[in-house]
Amino acid sequence: LRDHLKDPSLLREQCYIDGTWVGQPELAVNNPATGAEIAKVAQLGAADATRAVEAAERAFPAWAKLTAKQRSNILRKWFELIIANREDLALILTSEQGKPLSEALGEVDIGGAYVEFFAEEARRVYGETIPTQRGDARLLAIKQPIGVCGAITPWNFPNSMITRKVSPALAAGCTVVLKPANETPLSALALVALAEKAGVPKGVFNVITGDAPPIGLVLCEHPAVRFVGFTGSTEVGKILYKQAAVGVKKLGLELGGNAPFVVFDDADIDAAVEGAIVSKYRNMGQTCVCANRLYAQDKIYDQFVEKLSKKVAAMKIGDGTEQGVVQGPLINMEAIDKVERHIADAVKGGAKVVTGGKRHSLGRTFFEPTVLADVKPDALVSREETFGPLAAVIRFKDEADVIAMCNKSPFGLASYFYARDLGRVWRVAEALESGMVGVNSGLITTEVAPFGGVKESGLGREGSHHGMDEYLEIKYVMMAGV
Ligand code: ADP
């Protein structure tokens with residue numbers, strides 16, 4: 001990998017604590033497309049996490065005291081460096097994660113867009129004055145950075161999940177200790193190398209790799225940490241929620257989803273097929289906003305399934321660095337097992353495999369993108385997030401039924417539907433229990449809009465001006481004796 005980078009210094013194996021690169025390379029990082037080891041990273045634990053938190057604590061007062069413009073300028077520089085190095089960052093990302101290079105470039109661009117956006121937002125943290133209830137007093141509310149923040153990120157978006165947390169934190173005046181996923185630490189280390197170059201002072205942004213549970217415990221329990229931002233599984237999110245309760249820490253949780261994708265009979269079917277492909281098969285179906293259960297209305301059901309499976313059957317599968325590849329390998333063997341379990345369960349219940357359905361002849365963790373038809377509404381795939389390239393299409397009769405099926409889930413991250421009738425569009429968008437709704441679009445993520453879930457899909461919002469609020473505390477000041 002190093003030989004293929006324009007700037008080989010972006011491939012880092014050590015951690016970054018208090019402005020110093022530390023730790024010995026121990027933990028192998030493998031390319032899921034080839035199985036080859038591409039680097040080793042340090043395996044740090046609780047003691048190093050504590051050191052990192054203390055460094056962030058020491059760095060906090062000076063960073064918080066900079067003017068918004070000063071912090072904004074440093075973030076802007078970081079953004080410019082990300083874009084200047086986008087090809088290297090994308091290659092690192094594809095090599096450790098597997099997604100096609102074109103998607104990796106897209107992720108680096110949106111990763112950078114978060115930094116750009118929050119560099120701008122840094123200068124728009126306004127407070128308010130409140131009409132007073134007392135003649136001798138004036139009331140105001142000011143916003144201040146919450147303090148040291150922990151961030152724990154997953155392997156499916158190794159670049160943008162980091163900038164989406166770290167850039168609003170730094171913009172607000174907070175300092176950060178980040179623990180990226182062990183499958184994909186190299187993108188995080190490259191990003192912090194660029195942040196160092198951009199002039200982020202020592203201790204302000206620390207990255208540690210290694211043992212997740214002890215590091216997570218320090219981030220949740222250390223008294224200096226005031227906020228923990230997490231993206232990952234609902235299972236781990238719940239552990240962190242409990243751990244953080246002890247010190248009453250504020251938490252941002254972006255957890256699992258189980259997104260419904262509904263095609264009504266008044267939809268533009270070709271557009272719905274395009275949307276389903278983007279929503280379902282992007283990153284090989286490994287995104288938390290992936291369409292997980294597809295509902296098509298009676299009248300257009302056969303047409304939708306036929307058009308969708310035709311496109312899916314034509315997808316090029318392979319190493320993400322190969323030209324024209326749109327589906328790479330899944331992240332690991334457990335991911336394959338889960339897809340197979342969902343297919344077997346649906347087929348047992350009477351579903352038909354229209355295309356795909358099995359491991360790909362390329363071996364490893366390559367899986368054929370799959371479409372299942374005649375899936376029963378209560379199949380396992382409709383209840384659990386698959387996190388793989390499997391579109392399970394369920395038939396439905398009317399609007400009320402499909403809304404009930406969509407909402408019959410403990411999760412509520414994203415929902416999608418395709419329809420043209422204006423009344424229906426409003427009714428359904430309002431009725432769906434999810435933090436985000438895509439109407440006639442399968443791709444909704446952007447740095448300017450609030451991303452997040454309801455129910456067991458999480459707490460808080462990332463991106464948009466709401467994404468800054470997570471990292472700010474409101475302080476009410478009464479000035480009396482006027
Ligand atoms: P996924 O299923 O996407 O791998 P996880 O929730 O297991 O999701 O992982 C998301 C992130 O949480 C990763 O960085 C992982 O290392 C970290 N993680 C896993 N277990 C724990 C834990 N007990 N405490 C803190 N972080 C954890």
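The UniProt annotation "active site", from an unreviewed entry, covers E254. In this predicted model, E254 lies in strand β11, which comprises residues 250-254. E254 counts as buried because 28 other C-beta atoms lie within 10 Å, where 20 or more are required. The same kind of record, an unreviewed UniProt entry, places the feature "domain: Aldehyde dehydrogenase" at residues 26-477. Across residues 26-477, helix accounts for 42% of the chain and strand for 21%. The C-alpha atoms at the two ends of this stretch are 51 Å apart.

**The ligand shell**

The ligand is surrounded by 14 residues. A212, G216, G232, S233 and V236 are the closest of them. Two helices, α7 (212-221) and α8 (234-245), each contribute at least two residues to the shell. The largest share, three residues, is supplied by α7. Sorted by class, the shell contains eight nonpolar residues, five polar residues and one charged residue.

**Two open sheets**

Strands of a sheet pair through backbone hydrogen bonds, in either a parallel or an antiparallel manner. Two sheets of this model are set out below.

| Strand order | Pairing | Edge strands | Average twist between successive strands |
|---|---|---|---|
| β5-β6-β22 | antiparallel | β5 (128-130) and β22 (472-479) | 25° |
| β14-β15-β16-β13-β12-β18-β19 | mixed | β14 (352-355) and β19 (436-439) | 25° |

The first of these is an open sheet of three strands. Its edge strands, β5 and β22, each have a single partner strand, so one side of each is left without a neighbour in the sheet. Strand β6, residues 138-145, is joined to β22 by eight bridges in the antiparallel sense. Within these two strands, P145 stands opposite L472 of β22.

The second is an open sheet of seven strands. Here β14 and β19 occupy the edges with one partner strand each, and therefore one side of each has no neighbour in the sheet. Strands β12 (residues 259-263) and β18 (residues 414-418) run parallel and are joined by three bridges. V262 stands opposite F417 in β18.

Edge strand β14 includes K352. K352 counts as partly exposed because it has 14 C-beta neighbours inside 10 Å, a number between the limit of 12 or fewer for exposed residues and that of 20 or more for buried ones.

**Helix α6**

Helix α6 is formed by residues 185-198. At 1.5 Å a residue, its 14 residues should span 20 Å, and the distance between its end C-alpha atoms, 20 Å, agrees with this expectation. An α-helix has 3.6 residues a turn, so residues three or four places apart point the same way.

How many of the 14 residues of α6 are buried? Eleven are, so the helix is largely enclosed by the rest of the structure. The buried residues are P185, L186, S187, A188, L189, A190, L191, V192, A193, L194 and A195. Just after α6, G199 adopts a positive phi of about 100°.

One of the buried residues of α6, A195, can be related to K352 of strand β14. A195 and K352 are 157 residues apart along the chain, and their C-alpha atoms are separated by 50 Å.

Methods:
Residues are numbered from 1 along each chain as its sequence is written. This is a predicted model: local features need pLDDT of at least 70, side-chain atom pairs count only at pLDDT 80 or more; totals for chains, interfaces and linings use all residues. A residue is near a molecule or strand if its C-beta atom, placed from the backbone, lies within 6 Å of it. Helices (H or I, at least four residues) and strands (E, at least two) are DSSP runs, numbered from the N terminus. Ala, Val, Leu, Ile, Met, Phe, Trp, Tyr, Cys and Pro count as nonpolar, Asp, Glu, Lys and Arg as charged, and the others, Gly among them, as polar. Two strands pair if DSSP finds at least two bridges between them. Axes are lines fitted to C-alpha atoms, for helices over the stretch in contact, and angles run from 0 to 180 degrees between N-to-C directions. UniProt positions are given in the numbering used here, feature names are shortened, and annotations may be inferred rather than shown by experiment. The expected span of a helix is 1.5 Å times one less than its number of residues.
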